[in-house]
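Take a look at the sequence and the 3D structure below. Then read on for a short tour of strands and cysteines.

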Protein chains: 2
Amino acid sequence: MPTRLSGVLAPVVTPFKRDLSPDAARYVGHCKWLLANGCRGLAVFGTNSEANSLSVDERMTLLETLVQEGVPAEKLMPGTGTCALTDSVRLTAHAVSLGCGGVLMLPPFYYKGVSDDGLFRSFAEVIERVADSRLQLYLYHIPPVSQVPITLGLIERLLARYPGTVAGVKDSSGDWSNTKAMLDAFAKSGFDVFAGSEVFLLQNMRHGGKGCITATGNINPAAINRLFERWQAPEADALQNDITATRNVLQKYPMMAALKAVIAHWGRDPEWVTVRPPLVELAPEQTNSLVAELGARNFDMPGLGPTLAAALA
Amino acid sequence: MPTRLSGVLAPVVTPFKRDLSPDAARYVGHCKWLLANGCRGLAVFGTNSEANSLSVDERMTLLETLVQEGVPAEKLMPGTGTCALTDSVRLTAHAVSLGCGGVLMLPPFYYKGVSDDGLFRSFAEVIERVADSRLQLYLYHIPPVSQVPITLGLIERLLARYPGTVAGVKDSSGDWSNTKAMLDAFAKSGFDVFAGSEVFLLQNMRHGGKGCITATGNINPAAINRLFERWQAPEADALQNDITATRNVLQKYPMMAALKAVIAHWGRDPEWVTVRPPLVELAPEQTNSLVAELGARNFDMPGLGPTLAAALA
């Protein structure tokens, strides 16, 4: 079995052109910047990627472009969970065929109040239909958005039935006690728990977790990776406090529009601000205060402009 | 402009084969039975159709099959609202090109807490990209499931910008005061309000509504249509009480699995029970009690077996 993904992963924001089509050149540029600046993996097509605003074909084309342009497939953990069984199978099989290090799978999220039996059957159908021992499946627990939770009981059943395939979880519940319960129950079974925010990175590492998959990994990967590398060092708590403070600035704003505004500003590339409906861009006054607050923290994204310019050339 | 849809519409349940692929023959048969037994239109690909468990291509293929098999396109109001702008555009343009009487459009429903500005932009982008004056767009308000509401303010903006295209709403809030507010605000502007359940059919008609689009239209269309036709007659309240009582039986069970169990039983066609994950079939004891309760009400689906058998021949 290849080495599992660990460390800081960014749910890579997806740039759009003014006509709202995906901007492949900027996308490749940003992915390469992230890998050069602290991300050990890329959870492309996550919530903060506006992945659910993309069609299946749009996602597949972008993923193929990344690999063709030299982004190592083993560092990719694309989101492949959709409402429709057939779409989830298609995206997952495609990711595995490209050699992706894993997939991050939402439960089907349209129907609410569904049973663990139904969710087990859903994940099981995908695994059985993909039928590829290379598949490393990470469950995506994000009840504030999906409204469909991944319970401990469901994880237990999936791990028992598909050991070696069910590889871990991203816990975006925002509830440390839930992450802790997942760690306590499953970390020793080789089930890799990623916190859904760097706010919980140090706690997660201290209890046997593997890292974090975090929105702000898109803009602050070096500092977050520094904590990942030094979580056992004396300065770990200070490093945690620093990245938490930066996160707290971002959380005052709609996250996806804010991330894009930050990339547009520090990358000197105004096109980056575009989001797909139903999201909206930050208002100018929001952008100004966000930039001012980050600037006051000496925030920077070194190399962002030149790297992107090179990728776009 | 052609006559607008009105009366009782069923969000047609989608039959699946044992391998979970859509069963086109049973689908056509059920659609024809519905139109012969009280439905004046078919809201295919609604919530109760498990439409969000189907891929875009699966939906398009099924819709083409219906039209090819002689279901009048002008009676069809397919669901075309998805999370992804590009998918919603593709499904809507396809429905219009086939001559469908309307489309029933969910808002993009993955991201929660989105603004009316973002939702306006989402619907507007679909309308602008489809760019076809034949489009009759019905908004689908179902906050218990989508978690993303269609507010009165959003309707007002869409109606002002796209009069003649924004044709109405299905209100599945389950809150009569909301349906009443929509009727009071917009019914006189030619905005057609459909109740999302027959429980509100009589009230809806008395306040200027156009009918209902209801799950139980799949199994009880004749009785519901009788009230639609006689809502001004002296027996209207008695007819309402009767269909409400039948609805109340169904609502004790998971609706989609229950509808399929009823069709399987009264159509003498056990294959019908299959649902796609994340849904699960009724347990045998649930089916038994459901059938017994409906039987005690002298419930029947006349002609269901033979019609289906003919369609399948």
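This report covers one strand with its neighbours, and then the cysteines.

The model is predicted: local features need pLDDT of at least 70, side-chain atom pairs count only at pLDDT 80 or more, and totals for chains, interfaces and linings use all residues. Residues are numbered from 1 along each chain as its sequence is written, chains are lettered from A and ligands numbered from 1 in the order in which they are written, and side-chain values use heavy atoms, without hydrogens and water.

**The strand**

Start with strand S5 of chain A, residues 166–171. Six of its six residues are buried. Buried means under 20% relative accessible area, exposed over 50%, partly exposed in between (1.4 Å probe, protein chains only). Helices (H or I, at least four residues) and strands (E, at least two) are DSSP runs, numbered from the N terminus.

S5(A) pairs with two strands, where pairing takes at least two DSSP bridges.

| Partner of S5(A) | Bridges | Sense | Facing residues |
|---|---|---|---|
| S4(A), residues 137–141 | five bridges | parallel | A:Tyr138 and A:Gly168 |
| S6(A), residues 192–195 | four bridges | parallel | A:Val193 and A:Val169 |

From S5(A), the chain crosses through helix H7(A), residues 176–186, to S6(A). This β-α-β crossover is right-handed: with the strands pointing away from the viewer, the path from the first strand over the helix to the second runs clockwise.

**The cysteines**

Why are there zero disulfides? A disulfide needs two cysteine sulfur atoms within 2.5 Å. The sulfur of A:Cys31 is 9.2 Å from its closest cysteine sulfur, in A:Cys39, so it is too far for a bond. The sulfur of A:Cys39 is 8.8 Å from its closest, in A:Cys212, again too far. A:Cys31 is buried at 0% relative accessibility, and A:Cys39 is buried at 3%.
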